[in-house]
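Let's walk through this structure together, one part at a time. Have the sequence and the 3D view open as you read.

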Amino acid sequence: MKISFIGSGNVAWHLSQALENAGHAVVEVFSRENRNAVALTKQLYNAKVQKDLNFANSDAAVFFLCVSDDAMEEVTRKLVLPEGSILVHTSGSKSLKDLDELVEVYSEIPQKTGVFYPLQTFSKVFHVNFEEVPICIETESEDVEKVLITLAQDISEVTYSVNSDERKVLHLAAVFACNFTNHLLGISQEILSHNNLEMKLLEPLIKETFNKALKSPKIFNVQTGPARRGDQKIINRHLLSLKETPDYQRIYQILTESIAKKN
Ligand SMILES: NC(=O)c1ccc[n+]([C@@H]2O[C@H](COP(=O)([O-])OP(=O)(O)OC[C@H]3O[C@@H](n4cnc5c(N)ncnc54)[C@H](OP(=O)(O)O)[C@@H]3O)[C@@H](O)[C@H]2O)c1
């Protein structure tokens, strides 16, 4: 199938290559910054850089809108797609209705739409095994559903039909599981490096924490640490150590209170 990408960020980077590895052809890449589109086309077989958002003469069947959520309106305002093509976004937090409304306002021809949300964290420099990435699909058209399921199953072993409300819930849970844990690990790293200690020391602990959580039917039950034990002297000492970084002190306090309430 011929596919084009609008956006060349983290998701477009990985998804376009996964689709090509599964035998699909990425024909065009558009990006606000031309050099970013050029960099992505260099990773692909035969894709060309699309200089503007007028795809009227494109022979792609599916267009992946992989831009920041806040840029979706600005991009769809200028977007011209060939008749009969499918426009999908990859966002966890934008609904299908959001995309439909934009298309209705800005597109001169009716547009088939859908959502193709890969539930994973993507950074250009880190390899992702797409076979394990759950692909959450949503559309109101049976034809589009067939196409999106084919694409999803070609790159992943895990495909779900997920509506916009469910996807928002998944995205909220993912923010806690991924974005906040990553931030907390960043804080750990900073605390260690300020004291000339290596993050490597925490590696077995981090691995076991995730290992245990993934195996536990009730993750709160395997909580350990001073907040779980109610060890107030240690908690006070930690809070004092964080006096130079009031943001981290606040995070420590809020998490400690939340853990204590689960005891
Ligand atoms: N990263 C993840 O882990 C992840 C996972 C699942 C779903 N998603 C979703 O996938 C979508 C893309 O995310 P991403 O992580 O790939 O984002 P990203 O790496 O930040 O890339 C954003 C893309 O949007 C373009 N862009 C930003 N503002 C723009 C504007 N005003 N006009 C035109 N283009 C603009 C950027 O163009 P230039 O680079 O050329 O400036 C870039 O190609 C989002 O909806 C996100 O929620 C992300």
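A good place to begin is a pair of helices: α9, spanning residues 232-241, and α10, spanning residues 246-261, have axes that come within 9 Å and cross at roughly 160°. Angles over 145 degrees count as roughly antiparallel, so α9 is roughly antiparallel to α10. The crossing of α9 with α10 is right-handed. Keep in mind that you are looking at a predicted model.

Which residues bring these two helices together? From α9 come I235, H238 and L239, and they meet Q249, Y252, Q253 and T256 of α10. Sorted by character, the residues of this contact are three nonpolar and four polar, with no charged ones.

Now step back to the whole chain. The domain assignment splits the protein into domain 1, covering 2-162, and domain 2, covering 168-261. Taken over C-alpha atoms, the centres of domain 1 and domain 2 are 35 Å apart. Six residues from domain 1 and five residues from domain 2 make up the contact between them. On the side of domain 1 that touches domain 2, you will find three nonpolar and three polar residues, and no charged ones.

Finally, turn to the ligand. It is surrounded by 24 residues, and G9, S31, E33, A71 and S91 are the closest. The elements giving two or more residues to this shell are α1 (10-21), α3 (72-78) and β6 (112-118). Of these, α1 provides the largest share, with three residues. In character, the shell around the ligand divides into nine nonpolar, eleven polar and four charged residues.

Definitions and conventions: Residues numbered from 1 in each chain as written. Predicted model: local features only at pLDDT ≥ 70, side-chain atom pairs only at ≥ 80, totals over all residues. Domains from an automatic or database assignment. Contact = placed C-beta atoms within 7 Å. Nonpolar A, V, L, I, M, F, W, Y, C, P; charged D, E, K, R; others polar. Axes fitted to C-alpha atoms, helices over the stretch in contact; angles between N-to-C directions. Helix = DSSP H or I, 4+ residues; strand = E, 2+ residues; numbered from the N terminus. Parallel < 35°, antiparallel > 145°, perpendicular 65-115°, else oblique. Left-handed = near helix turned anticlockwise from the far one by under 90°. Near = placed C-beta within 6 Å.
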